[in-house]
Amino acid sequence: MIQLINLTKHYGKVAAVDGLDLDVPKGQIFGFLGPNGAGKTTTIRVMMGILKATAGQVLLDGQDVVAAAQQAKAIAGFIPDRPFIYEKLSGSEFLEFVGKLHRVDGERLGRRIAELLEYLELTYWKDELVESYSHGMKQRLVVCAALIHKPRILIVDEPMVGMDPKGARTIKDLFRALAANGTTVFLSTHSISVAEEICHRIGIIQKGRLIACGTMSELHQRAAGRHGNLESVFLELTREQERGPHPAERAG
Amino acid sequence: MSSVALLLTPLWLSWKNDFVRGGGSWSRRLVLIALAVGFWLGTYLVIRRVLRYFETVYDLGPGLAYQLLLIILLTFLAMLLFSNLVASLSTFFLARDLELLHAAPLSPDGFFYARLITTTINSSWMVLFFSLPIFAAYGTVFGGGFALYLWIALILPLFLVIPAAVSILLTHLLVYCLPAKRIRDILFFIGLFAFIVMYFLFRMSQPERLVQPESFGNFMQFLRAMETPSSPFLPSSWSAEILAGTLFDRDTEQGFFFALLASYALFLPLATSWACGAVYFDGWSKAQESRQGRRKLLWLDRVLGRITWFFPAPTRAIIVKDIKTFLRDTTQWSQLFLLLALIVVYLYNFKVLPLDRSPMPAGTIRTVVSFANLALAGFVLSAVAVRFAFPAISLEGKAFWILQSSPVSLRALLWSKFGLISAPLLALGALLVFLSNLMLQVPPWMMALSLITVCLMTFGIAAIGVGFGALYPNFNFDNAAEIPTSFGGAVSMIVSIVFIAVVVMVEAWPIYQLAIASLRPGRVIAPTLWLIAPSMAIVVALTAAVVALSLRAGLRRLEQLRD
C-alpha cells in the first residue's frame, strides 16, 4: 500500500533521508521510530508530497506522489506534528473546508463532520473559533480533518504530543479500528511505548537510513534476543551508529 | 464549488468571523472606522484643494492635474509592486497553511489563482482605499460624471492585477534561482529591487519639472510636456490616458489603452501561472531547507558585547537577544529598505524645493520650511516607531513567559526596550533634520534648535511606541507585520502625532517672532535666549512627562497580565 523506493532527500550537502526502501501492506500499522533529527519528519513530508525528494519514489496505493500527486493525496490523510489550523475559523468551518478540499460535499460531509466531532468529543466546541481551543483540542480537530475523506492511508507525525491520557487512548483505539477496517497507518514517533503498544511492524531510522525493520519479535532477534522490551532493542540498535547529533530534520 | 473559490473560503470566513464575533469591542471598531473616514475625507479635501488651485492656472490646469494623476498612479504602481513581492513570498512560500494545502489533492492551477487573488487583495486594499477619494476629488473638480466612475471600475481591477502577476513571477524566480537556505537573501533582493524600482519610477516622473517651466525651451514645449506621459510603457500611464480622456475632454484613444491594459492583465497572470507551475515545487522545497541551523557569528557577539558593556547583565541579555532576533528575522529588518527609500525621497524633496522663487526673503522662508520640517521629521519618526517600537513587547510572543518567570523586573524590560529603540531613532531623526537643514542652508541657531527639538521628540515618540506597545500587547500574532496595524498601533500613532503637534505649537511662537522680525528690513534676526528658553523648557518637561507616563501605563498593563 505504501512503497518507498530508494527515497533520498538532501538539505544542501546533508542527507536527511538516504536511500530509504520500505513497503507497508494494507491494513498494517507501521511504526517509524528514530531519535530526534533522524529524518522521520522529512520522510513523512516527502511521502505527502510536501517536500520534493532529491531521488527515489513514493507510491501510495501504486500512485506516484509526484507524477500523480492529486490521485495519491486523495487517498491519504495527514496528521502533522505541529498542526496548523486557521485560527479565525470555527472547528466545523475548518472541517468543512478540508472536506471540500478532498471533494467530500453536501450531506455526506455534514454527517461525516458530526460523526468525527462526536467520536473525538469536540461536538460541544464545533462552533467556537479555533483560536479558543486548547492544544489537545486542536490536535483532535486535526485528526478529524485527516479522516474526513475516509482515507485508505493515514500518515501520522508524532500523534500524541500534548494529548492527555484519555485523548491518547482514544487516538490509539482509533488507529487500531482503522487498521482493522483496512486503512494503512504510517506512524512516526519517538515514543517507544506507543510503537510497542499499537504497531504491527516497526522501522528504525537513524541518520536518514533504515537500520532495522520488522515485527517486535524480529527486532528482538536482530538485537541478539537479549532484551525484554522495545526500548532496550531500540537503544541497542541505535547505539552502534551513534556519532553525535545529526543536523537533518531539526525542524521536526 | 471550484477549487479557487474553495481555497478563498478561509480568507472570507476569517474576515466574517472576525467582524461578527472577534476583533474587539464596537467602540474600538468605531474608532477605527472614524480614523478611516477621517483619512478618506482628508485625502479627498487635500486633493480637491490642489486640483481647484490647478484649475485657476490659465490653460495649464488640466496639464498639471494630468501630471499629478500620472505621479499618483506611478506611486501606486511602485507600492503595489513592492507589497505584492512581500505578500507573494508569504502567500506562496511562508504561509502556515501551505502544508495543509499541499497535502490535499488540489490542482496546481486552482492553487495558483487562489493565491494570486489572495496576494492581490492583501497587497492592494490599501491602495484601493486611498485611490477612491483621489478619483472622487478629480471627478468633483473636472467632472466626467458616470463615465468616469465606470472607467475607474473597469480600470482598477486590471491595474491591480498586473503588478501582482509581475511580482509573483519575480518571487518565484528568486526563490527558485537562489540557493537554498536563502530566504533572507531573497528578501534582501526584494527590498533592494523595490528600492531601485521606486527610485527610478520617481525619477522618471520628474515631478520637479512641474514647478520649473523655464527649464523648457518655450511655453508650448512646456504645455506639450504637461500633456504627455513621461513613461508611456507603464500601466499607470495607460490608466492615466484613459481617465484623462474623460476628465479633461482630451482626444485620447481610450479604447486602445483599455485594450492594452486588459490584454496585459489577462496575459500576465496566465504567463505567470505557466512559469510558476514549472518552478513552484522546486522553489517551495528549497524554501523549506532554510529551516536548517545557521553558523554562529562570533564577531556579532563581540560587537554586541562591547556596545552593551555598561548595562546590567539582565538588561544586556535582553538587548543582545533583541538585536540578534531583529537581524535574523527577515520580516523585521527587510523593512529597513523601505525606510531607506523614504529617507532618500524625503531628502530629495528638499533638494528640488523652489525656495528662490518665493516672494518672501530667502532667510525667512528657509527658517519657516526648516521649522515645518521638524513636524514632518516627527511624523516620519512616528511612522518608524509604530513599525519598530510598538511591536517591541509583542514580539516576545509566546516566549514572553521566559521573561515573566525570570528574575528581571518588567520595569527593567521596558526601559531596555526603550533604550534600544531610542538609539537608532535618534540617529534617524538627527540625520533627517541635519541633512535637510544643510540643504536649506539654515542659520546655525536654527540648526541647533532643530536638532535639540528632534532629539527630545524622539525620546517621546520612542516611549509612546514602547509604552503603548505594552499597553496593547499581542503575543499571539500570526505575522509580526500585523502588530503595528492593530488598534493599539493606530492609538500609538495618534498619540505620537498629538505629541509632535503640541511640541511644534509650543515652539511656533518664538519661531514666528523671529520670522516676523526678519521681514523688517535692517533687523538682526539672531534669537535671544529669553525668546527660546521658555519654550525649550516646556518641551523638555513635556517630553519627560510623555516618557514617564507612557512607560508607566505600559508597565501597569504588563503587571496586570499576571492577574
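The exercises below, each with a worked solution, walk through a predicted model with chains A and B.

**Exercise 1. Find how many helices and strands each chain has, and what share of each chain is buried.**

Solution. Begin with chain A, where there are nine helices and 10 strands, and where buried residues make up 48% of the 252 residues. Then turn to chain B, whose secondary structure comes to 21 helices and zero strands, and where 36% of the 563 residues count as buried. As a further step, look at contacts between residues at least 6 apart in sequence: in chain A, 71% of them join residues at least 24 apart, while in chain B residues 24 or more positions apart account for 84% of the contacts with a separation of 6 or more.

**Exercise 2. Work out the strand order of the six-stranded sheet in chain A, and say which strands stand at its edges.**

Solution. Following the pairing from strand to strand gives the order E6-E7-E8-E3-E9-E10 in chain A, an open sheet in which the pairing is mixed. The edge strands are E6 (76–79) and E10 (209–214) of chain A, since each of them pairs on one side only. Comparing directions as a last step, one finds that neighbouring strands of this sheet are turned by 15° against each other on average, direction ignored.

**Exercise 3. Describe the surroundings of strand E3 of chain A, starting from its partner strands.**

Solution. On one side, E3 (residues 29–33) of chain A is joined by five bridges to E8 (residues 184–189) of chain A, and the two strands run parallel. Within this pairing, Phe32(A) has Ser188(A) as its bridge partner, and Leu33(A) stands opposite Thr189(A). E3(A) also pairs with E9(A), again in the parallel sense, over four bridges, and here Gly31(A) stands opposite Ile202(A).

The next step is to consider the side chains. In a regular strand the side chains alternate between the two faces of the sheet. In E3(A), Ile29(A), Gly31(A) and Leu33(A) point one way, whereas Phe30(A) and Phe32(A) point the other way, and all are buried. Because five of the five residues of E3(A) are buried, this strand is largely enclosed by the rest of the structure.

**Exercise 4. Identify what helix H5 of chain A lies across, and explain why H5(A) counts as largely enclosed.**

Solution. First place the helix: H5 (residues 135–147) of chain A lies across E6 and E7 of chain A, and runs at about 170° to E6(A). Next check its length, for H5(A) has 13 residues and reaches 19 Å from its first C-alpha to its last, close to the 18 Å expected at 1.5 Å a residue. Then count the buried residues: 11 of the 13 residues of H5(A) are buried, so the helix is largely enclosed by the rest of the structure. The buried residues include Lys138(A) and Arg140(A) as well as Leu141(A) and Val142(A). Finally, ask what covers them, which includes E6, H3 (91–101), H4 (106–119), E7 and H6 (165–180) of chain A.

**Exercise 5. Describe the four-stranded sheet of chain A, and relate helix H1 of chain A to both sheets.**

Solution. The four strands form an open sheet in the order E2-E1-E4-E5, with antiparallel pairing. E2 (14–24) and E5 (63–64) of chain A stand at the edges with a single partner strand each, so one side of each is left without a neighbour in the sheet. Inside the sheet, E1 (residues 2–11) and E4 (residues 55–60) of chain A pair over five bridges, and the bridge partner of Thr8(A) in E4(A) is Ala55(A).

Now add the helix. H1(A) lies across E1, E2 and E4 of chain A, running at about 65° to E2(A). H1 (residues 40–47) of chain A also lies across E3, E7, E8 and E9 of chain A, at about 150° to E7(A).

**Exercise 6. Name residues with the most contacts inside the largest nonpolar core.**

Solution. This core has 139 residues, and those with the most contacts inside it include Phe94(A), Cys144(A), Ala145(A) and Tyr138(B). Its largest share, 18 residues, comes from H3 (residues 61–94) of chain B. Apart from this core lies another, of 47 residues, among them Phe390(B) and Leu420(B).

Technical notes:
Residues numbered from 1 in each chain as written. Chains lettered and ligands numbered in written order. Predicted model: local features only at pLDDT ≥ 70, side-chain atom pairs only at ≥ 80, totals over all residues. Pairing = 2+ DSSP bridges. Axes fitted to C-alpha atoms, helices over the stretch in contact; angles between N-to-C directions. Contact = placed C-beta atoms within 7 Å. Buried ≥ 20, exposed ≤ 12 C-beta atoms within 10 Å, placed from the backbone. Core = buried A, V, L, I, M, F, W, Y, C linked by C-beta atoms within 7 Å. Expected span 1.5 Å × (residues − 1).
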